[in-house]
Amino acid sequence: MRSMLQASGVALLVGLCSTSIAFAAAGVATGDTSKKRIALTDGFSSNSWEQSAWNAWKAVASRAVKDGVIGEQKIITGNDDPAQQITQMQNLILEGYDAIVVDAASPTALNGTIKEACDAGIVVVIYDSLATEPCAIKVNVDYKDYGVQETHYMAQALGEKGNFLEIRGVAGSEVDIDISAGINETLKQYPNMHKVGTVYGNWDGTIAQRQVATVLPTLPQIDGVLTQGGDGYGSLQAFKAAGRKIPTIIMGNRQDELAVWKEMRDKDGYKTFSISSAPGMSTIAFWTAQQILAGKKVPNTFYVPLLAIRENTLDSWLAATPVGTAASPQYTLKDTVELIDDNLAGVKPKDLPQPKLPQ
Amino acid sequence: MPLAIRRLVAQPSFYATAGAVLVWLVIVAHSHGVGGGAVISGALNYSVFFALVGVGQMLVMASGAGNIDLSIPANITLAAYLSSGQMQGANAGMAAGFAIGLLSGVIIGLANALLILALRIPPMVATLASGLVIESFCFAYSRVSVAKPAPLLVSFTTQRLAGIPLVVIAAIVASAAVIAVLKRSLFGRHIFACGQNMTAAWLAGVNVRRTRVFAYVACSTFAALAGILFAGFTGGPSLNMGSEFLLSSIAVVVIGGTNVAGGQASVVGTWSASIFLFLLLTMLNVFQVDPGLKNVITGALIIAVLALGKANRPQAQ
């Protein structure tokens with residue numbers, strides 16, 4: 001009898017232990033990070049996407065410091081200059097930060113410094129513009145899906161036929177290649193949709209306007225414009241300046257793009273779709289760093305869903321997006337952990353369609 | 001060759017103009033005549049901003065070797081933000097918007113002149129530094145203010161009269177005024193004198209300091225004007241709207257036939273070069289040239305224009 005009790009006692013204990021071990025792999029890690037210091041180094045200079053990313057980080061990270069979840073946070077911003085970012089990162093390593101979150105100004109130039117940080121025991125998490133160094137955790141976006149989603153929308157909006165223009169990003173970047181690949185693959189399903197021109201807008205409205213203007217005079221009627229974000233407003237201006245009928249332009253998440261969409265919708269029922277990568281993923285990177293410091297196991301690369309804004313959600317997103325910034329949710333610890341766990345389990349992440357709008 | 005043709009070819013602006021015409025013909029040939037007029041209208045509409053900035057940079061470069069203004073991009077952005085911030089999307093604020101934008105240009109020009117003439121900082125470094133400071137102002141301003149250009153300004157930059165955009169007509173008038181000043185006025189003589197030999201000019205009684213100050217103020221005022229208009233054209237200011245103007249302002253001046261060493265300038269050439277560069281971009285886009293190849297071809301054609309035009313440029317000492 002006693003041995004049976006003992007045996008069942010041991011079994012119960014073993015059972016409890018294994019469930020608690022399993023619990024640490026999934027779910028929120030609760031290690032103590034209250035003295036830990038996390039820094040963000042962003043290699044890019046200010047455009048509205050980056051500004052939104054910094055604002056999101058500041059809101060979430062400083063609240064975490066205030067709540068005692070971490071000890072200290074810092075943001076350092078750059079100037080599209082890899083050399084400068086390398087120096088900034090090396091300073092952070094010397095200052096003894098426990099985790100460094102990076103938006104890399106170059107996919108390869110920072111690898112040496114990132115490896116140095118990893119070797120020094122620092123947790124490195126990269127988001128948005130990724131570097132290729134294997135030791136860092138990468139918060140990724142499925143850019144191919146970006147191209148796929150916008151092309152499907154365009155097909156449905158244009159009745160699967162028509163001429164359209166493709167505006168690409170910075171030539172040679174992985175993001176540009178992936179989005180364009182997604183577009184081209186999806187187009188094969190719609191043989192009556194014709195791409196009549198391609199220009200490189202560098203994800204920038206002013207450049208996009210200029211580039212689109214060069215090709216417009218010699219092109220036939222354009223029914224749609226497939227974009228990569230940051231270029232919607234500029235391409236609209238180009239069509240207006242040329243006196244052409246405004247086509248269906250896929251918008252990104254910049255406030256000016258959303259505002260002009262609303263304006264045109266209210267005036268003549270203009271219909272379009274917005275898809276983008278959320279600048280708020282800086283907060284996902286933040287929580288990921290904190291969780292790793294707290295003991296959670298995180299996959300080396302994991303994916304964040306894209307932010308899609310449709311007709312019925314345009315107004316609420318616009319209301320939550322200040323002028324000069326980009327639409328973005330701020331992600332909480334719970335959201336981030338759910339995302340990581342879905343990725344760990346190999347499950348397609350729950351479409352986080354409308355995470356809490358920033359208050 | 002008859003004298004008239006020889007004189008035409010000897011103009012500093014000839015090769016830039018010839019280049020622009022040639023590229024236009026290539027585009028029109030490729031599209032079988034479709035949109036030829038629209039290509040010119042579009043080219044004028046977009047080049048006008050680069051031409052205005054180029055004319056300003058041209059005045060600075062003509063006033064002597066080593067003179068250059070690298071604060072132009074930041075200047076453009078600040079003027080755009082200040083003027084649009086004043087207009088706040090209403091026609092009533094337009095005059096005040098122009099005033100404040102142009103005033104900021106004048107102040108920047110005076111500040112640059114102070115750094116260069118009083119503190120003896122080399123122009124390249126001085127204007128680079130002032131550009132960085134101005135950029136920070138832009139950054140700060142952009143966060144606190146709603147900046148939208150007046151609707152009247154927006155339509156001014158896009159409406160056309162007989163196919164030519166209104167803003168282009170106004171800019172041509174301004175440029176004609178600059179040509180008149182350079183050719184007919186004392187100031188024009190003084191600028192070229194400074195550019196050709198500053199010591200000789202000073203010995204001859206030219207107020208070299210004042211001339212150079214005027215050159216820098218004129219340059220930054222033109223840049224500010226371009227910034228105000230460009231904000232109207234693009235629907236509003238943005239923090240990196242000036243970035244393309246830095247190198248293009250120098251490129252259009254040099255390709256247009258102005259001597260980098262100073263002492264001679266060509267307004268017509270600056271305009272032709274602006275149009276040439278835009279048409280070049282058009283041609284490469286219309287032909288769907290691979291992006292890597294685009295830069296190679298652009299560089300090669302610019303070198304060709306400069307090499308051919310070498311004979312036309314007097315070698316200043």
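**Exercises on a helix pair and two loop residues**

In chain B, helix α2 (residues 14-30) packs against helix α3 (residues 36-62) at an angle of about 140°, and their axes are 10 Å apart. The model is predicted, local features need pLDDT of at least 70, and side-chain atom pairs count only at pLDDT 80 or more. Residues are numbered from 1 along each chain as its sequence is written, chains are lettered from A, and side-chain values use heavy atoms.

**Exercise 1.** Work out how α2(B) is oriented relative to α3(B).

*Solution.*
- Step 1: Recall the classes: under 35 degrees is roughly parallel, over 145 roughly antiparallel, 65 to 115 roughly perpendicular, and the rest oblique.
- Step 2: The angle is about 140°, so α2(B) is oblique to α3(B).
- Step 3: Now add the handedness: the crossing of α2(B) and α3(B) is right-handed.

**Exercise 2.** Find the residues that make the contact (heavy atoms within 4.5 Å) between α2(B) and α3(B).

*Solution.*
- Step 1: From α2(B), pick out Trp24(B), Ile27(B) and Val28(B).
- Step 2: From α3(B), add Gly36(B), Val39(B) and Ile40(B).

**Exercise 3.** Describe the phi angle and surroundings of Glu160(A) and Gln288(B).

*Solution.*
- Step 1: Most residues other than glycine have a negative phi.
- Step 2: Glu160(A), not a glycine, has a positive phi of about 60°, and Gln288(B) has a positive phi near 55°.
- Step 3: Glu160(A) lies in the loop between α5 (143-157) and β6 (162-168) of chain A; Gln288(B) lies in the loop between α13 (267-286) and α14 (291-308) of chain B.
- Step 4: Buried means under 20% relative accessible area, exposed over 50%, and partly exposed in between. Glu160(A), at 44%, is partly exposed, and Gln288(B), at 41%, is partly exposed.

Terms used
Axes are lines fitted to C-alpha atoms, for helices over the stretch in contact, and angles run from 0 to 180 degrees between N-to-C directions. Helices (H or I, at least four residues) and strands (E, at least two) are DSSP runs, numbered from the N terminus. A crossing is left-handed if the near helix is turned anticlockwise from the far one by less than a right angle, and right-handed if clockwise. Buried means under 20% relative accessible area, exposed over 50%, partly exposed in between (1.4 Å probe, protein chains only).
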